[in-house]
2 protein chains.
Amino acid sequence: MAGAVHEVAETLVRRTRARVTRARVAVLATLLAAERALTHHEIERRIKRNLGIDRVTVYRVLEWLTARDLAHKISDDDRVWRFNAAKKEHGRRHAHFKCNSCGGVTCLDKAMTVRSVLVPSGFRSQEIELTVKGLCAGCGPAARRRSRVRAQHRH
Amino acid sequence: MAGAVHEVAETLVRRTRARVTRARVAVLATLLAAERALTHHEIERRIKRNLGIDRVTVYRVLEWLTARDLAHKISDDDRVWRFNAAKKEHGRRHAHFKCNSCGGVTCLDKAMTVRSVLVPSGFRSQEIELTVKGLCAGCGPAARRRSRVRAQHRH
DNA sequence: CCGCAAATTGCAACCGAGTTGCATCAAAAA
DNA sequence: TTTTTGATGCAACTCGGTTGCAATTTGCGG
Ligand SMILES: [Mn+2]
Ligand SMILES: [Mn+2]
Ligand SMILES: [Zn+2]
Ligand SMILES: [Zn+2]
């Protein structure tokens, strides 16, 4: 599990022909192991447990991974960047989901179908960014029902 | 012109039954007069020419206007909020256009037509946020052609 | 017009995410 | 192993935005 992602990460970094450093491998492995997009803080916390990598280095590694398309960064209105390992299943242009309750951000694999967003005359549209907001599986009504039942069982 | 927006702004603020202050009227008037969404800095610059209102006050007024739906704020991946007077022509949910060249943000009045963005099972979609990126009228190829001609004329 | 209470403002200090300069360190080429 | 070159650690910094609190305004009654 953890070891496997680590090796995958190392291979991916090595493939870029650039230097294979602990920091790069560790950050990429963390992203690969994550189910959702991670903030800088989440990444740092998960890494610092083992190695003592400086936060500036984490920032620089994230920037590097993004430039090499090994990761992509997602902007968010809470003014915090979130990062995701670039997996093949989500194509170049994909939408994102942001949970209104826990704040978690998830990539939506399926290509988004946006029909004709008309821009004013003279404007030229180049790309479309789309974010769906709502409740994730962990925060939705089903999950709340589950946790209510759990509470009843406890007594 | 400038005087007219000012009076409109004053009326709008008075309608809320809250206190009508110089700062509130000035900020709202600035937003009403603007053709595009303005950053805090742009607003402050345009106001400071006349009155000497503190930047913190501008922040608080913007927050207040937003809460009263007299303005709405737009998040942007440059980590800067932009504000727009809430005009009736752009409905409650509308898309935004961000120019990749000058960074300007414009509200897109027309309702956006997004068909079926499918979210993972267990997820519940509540709202959709859409940003079109590209070149605005002032930065597009037509505008560049115009400015090239202007340069030729100059010699 | 005057006095009062409550809301608003100005100021200074603060916050947190991200960046920069520079000396030191380590990957990999030689 | 030595050398070269790029990566890292650390401290200081930037910048948009926020907070606490005392001083000022606003709107209201009288
Ligand atoms: Mn994504
Ligand atoms: Mn808008
Ligand atoms: Zn959630
Ligand atoms: Zn432009």
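**Manganese site.** I looked up the manganese ion (ligand 1) in this predicted model and found its protein donors to be His72(A) through NE2, His94(A) through NE2, His96(A) through NE2 and Cys107(A) through SG, lying 2.0 to 2.3 Å from the ion; donors are N, O and S atoms within 2.8 Å of the metal (3.2 Å for Na, K and Ca), and water is not among the atoms, so sites may look incomplete. Along the sequence I read the spacing of these donor residues as H-x21-H-x1-H-x10-C. The pair His96(A), in strand β4 (residues 95–99), and Cys107(A), in strand β5 (residues 105–108), links distant parts of chain A, 11 residues apart, where strands are DSSP runs (E, at least two residues) numbered from the N terminus. I noted that both His96(A) and Cys107(A) are buried, that is, under 20% relative accessible area with a 1.4 Å probe and protein chains only.

**Domains.** I took the bounds from the domain assignment of chain A, which gives domain 1 (1–86) and domain 2 (88–155). The two domains bury about 910 Å² between them, 48% of it on carbon and sulfur atoms, buried area being the accessible area (1.4 Å probe) that two parts lose on being put together, summed over both. On the domain 1 side, Arg36(A), His72(A) and Ile74(A) lose the most area to domain 2, together 47% of what that side buries.

**Salt bridges.** I found the count between domain 1 and domain 2 of chain A to be 3 salt bridges, each a side-chain nitrogen of Lys or Arg within 4 Å of a carboxyl oxygen of Asp or Glu. I also looked up Lys98(A), which forms a salt bridge with Asp76(A), the closest N and O atoms being 2.4 Å apart.

**Conventions.** Residues are numbered from 1 along each chain as its sequence is written, while chains are lettered from A and ligands numbered from 1 in the order in which they are written. In this predicted model local features need pLDDT of at least 70, side-chain atom pairs count only at pLDDT 80 or more, and totals for chains, interfaces and linings use all residues, while side-chain values use heavy atoms, with hydrogens and water left out.

Definitions and conventions. Helix = DSSP H or I, 4+ residues; strand = E, 2+ residues; numbered from the N terminus. Buried < 20%, exposed > 50% of the residue type's maximum accessible area, 1.4 Å probe, protein only. Domains from an automatic or database assignment.
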